[in-house]
Amino acid sequence: MPNNVYSQLLVLCILGKSCGFSSGSFSFTNLVLAYATNHTRTRCTPFEETMKKAYFNLTFLILIIVLFSVFVYSGIEITESKTETMEWKGGRFIMTDLTKVIGILLILTLPTYGFLKKKYFSTNYKS
């Protein structure tokens, strides 16, 4: 069974063009928005919740990547030495005080992520 709203809109647009009315498309826009408003409110809220969860996950992923990068950068030490025939480049990881603090923050991101996700996203949307 065809949708009556869209059938009526199609008839209005056809009549508007055939009778010389310039506002046929304007009527079509107004009627679609009038009928779509109630449906849009109930359908978009779960989508908005999904997007909030995606932004939340993305924020924590970026935070973890930044903390890990700073952790590695603060602890790496590159050494160079030269002999008569070769150049030697080496590196080692040193646990400085800054590296320890960043490591603790990196470890604490996982429980913080779980706590905040449980707190803000534990209730489901009810219409």
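Which residues do ring pairs link into a cluster? In this predicted model, they are Phe 56, Phe 60, Tyr 113 and Phe 121. The close-ups below start there.

**View 1. Phe 56 meets Phe 121 edge-to-face.** Searching the whole structure turns up five aromatic pairs. In one of them, Phe 56 and Phe 121 sit 5.4 Å apart, centre to centre, with 70° between the planes. Phe 56 belongs to helix α2 and Phe 121 to helix α3, so this pair ties together parts 65 residues apart in sequence. Both Phe 56 and Phe 121 are buried.

**View 2. Phe 60 and Tyr 113 pair up too.** Their ring centres are 5.2 Å apart and the planes stand at 70°, so this pair is edge-to-face. Here Phe 60 comes from helix α2 and Tyr 113 from helix α3, so the parts tied together are 53 residues apart in sequence. Phe 60 counts as buried because its relative accessibility is 10%, while Tyr 113, at 22%, counts as partly exposed.

**View 3. Helix α3 bends at Thr 109.** The bend is about 30°, and Pro 111 follows within four residues. For the 25 residues of α3 (residues 97-121), 1.5 Å a residue gives an expected span of 36 Å, and the end C-alpha atoms are indeed 36 Å apart. Buried residues in α3 include Thr 99, Ile 102, Gly 103, Leu 106 and Thr 109.

**View 4. A nonpolar patch lies on the surface.** Tyr 55, Leu 58, Leu 61, Ile 62, Ile 65, Val 66 and Val 70 make up this patch of about 650 Å². Ile 65 lies in helix α2 (residues 24-75) and, at 48% relative accessibility, counts as partly exposed.

How values were computed. Residues numbered from 1 in each chain as written. Predicted model: local features only at pLDDT ≥ 70, side-chain atom pairs only at ≥ 80, totals over all residues. Heavy atoms only, no water. Helix = DSSP H or I, 4+ residues; strand = E, 2+ residues; numbered from the N terminus. Expected span 1.5 Å × (residues − 1). Bend = angle between axes of the 7 residues up to and from the residue. Buried < 20%, exposed > 50% of the residue type's maximum accessible area, 1.4 Å probe, protein only. Patch = residues over 30% accessible without salt bridge, like charges linked within 9 Å, V, L, I, M, F, W, Y side chains within 5 Å. Areas by Shrake-Rupley, 256 points an atom, 1.4 Å probe, with all protein chains shown as cover. Salt bridge = Lys/Arg side-chain N within 4 Å of Asp/Glu carboxyl O. Phe/Tyr/Trp six-rings, centres within 6.5 Å; stacked < 30°, edge-to-face > 60°.
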